[in-house]
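Welcome! Have the sequence and the 3D view open, and work through the exercises below at your own pace.

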Amino acid sequence: MSEDMINADAVETATAMQNAEKTTGEERYMYMGPNLLKDGLQQYHVYIGGIPEYAVEKIISKYSLIRQLFVPLNKINEYEMAVNTPGTPQYIAYQQIIDG
């Protein structure tokens, strides 16, 4: 599969998800942090209905900035940049998890 086809599929999927959010009224958040599978968080997983409090409450004492890594689908691009920009809250939260 060519890179153009993959990119087109990704754009189509993101657009469909944003349109679904508009019609259902359910908030969708993507987790942009590193995998924390034992705690129920997978990188780039989309959570429907808001931030998964069951997972956040389990680990917030260890990773106090974890909420910074959940992003509404309409802000994925700016959060992706923020996670990779030193000094931003998202970057600091990501590093907090990486550093353990």
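Here are four short exercises on this predicted model, each with a worked solution.

**Exercise 1. Describe the overall make-up of the protein chain.**

Step 1: Begin with the secondary structure, which comes to four helices and three strands.

Step 2: Next, walk along the chain from the N terminus; the elements run α-β-β-α-β-α-α.

Step 3: Now look at burial and surface. Of the 100 residues in the protein chain, 31% are buried. The chain exposes about 6,300 Å², and carbon and sulfur atoms supply 53% of that area.

Step 4: Finish with the contacts. Among those with a separation of 6 or more, 42% are between residues 24 or more positions apart.

**Exercise 2. Find the aromatic pairs and classify the one formed by Y31 and F70.**

Step 1: Count the pairs; there are two aromatic pairs.

Step 2: Take the rings of Y31 and F70, whose centres are 5.2 Å apart and whose planes meet at 45 degrees, so this pair is tilted. The tilted class covers angles that are neither under 30 degrees nor over 60.

Step 3: Place the two residues in the chain. Y31 is in strand β1 (residues 28–31) and F70 in strand β3 (residues 70–72), so the pair links distant parts of the chain, 39 residues apart.

Step 4: Check their surroundings: Y31 and F70 are both buried.

**Exercise 3. Classify the pair of Y47 and F70, then put the aromatic residues together.**

Step 1: The centres of Y47 and F70 are 6.1 Å apart, with 65 degrees between the planes, and the pair is edge-to-face.

Step 2: Y47 lies in strand β2 (residues 46–48) and F70 in strand β3, so the pair ties together parts that are 23 residues apart in sequence.

Step 3: Y47 is buried, and F70 is too.

Step 4: Put the residues together: Y31, Y47 and F70 form one aromatic cluster.

**Exercise 4. Locate T88 and decide whether T88 is buried or exposed.**

Step 1: Look in the loop between α3 (76–83) and α4 (89–99), where T88 has its place.

Step 2: The relative accessible area of T88 is 18%. The cut-off for buried is under 20%, so T88 counts as buried.

Step 3: List the neighbours. Leaving aside residues up to four places away in sequence, T88 touches A82 and V83.

Step 4: Look closely at A82: its backbone oxygen lies 2.5 Å from a polar atom of the T88 side chain.

Technical notes: Residues are numbered from 1 along each chain as its sequence is written. This is a predicted model: local features need pLDDT of at least 70, side-chain atom pairs count only at pLDDT 80 or more; totals for chains, interfaces and linings use all residues. Side-chain values use heavy atoms; hydrogens and water are left out. Helices (H or I, at least four residues) and strands (E, at least two) are DSSP runs, numbered from the N terminus. Buried means under 20% relative accessible area, exposed over 50%, partly exposed in between (1.4 Å probe, protein chains only). Contact means heavy atoms within 4.5 Å. Accessible areas come from the Shrake-Rupley method with a 1.4 Å probe; for residues, only the protein chains shown count as cover. Rings of Phe, Tyr and Trp (its six-membered ring) pair if their centres lie within 6.5 Å; planes under 30 degrees apart count as stacked, over 60 as edge-to-face and the rest as tilted. A polar contact is a pair of N or O atoms within 3.5 Å; within protein, one must be able to donate a hydrogen and the other to accept it, and residues adjacent in sequence count only if both atoms are side-chain atoms.
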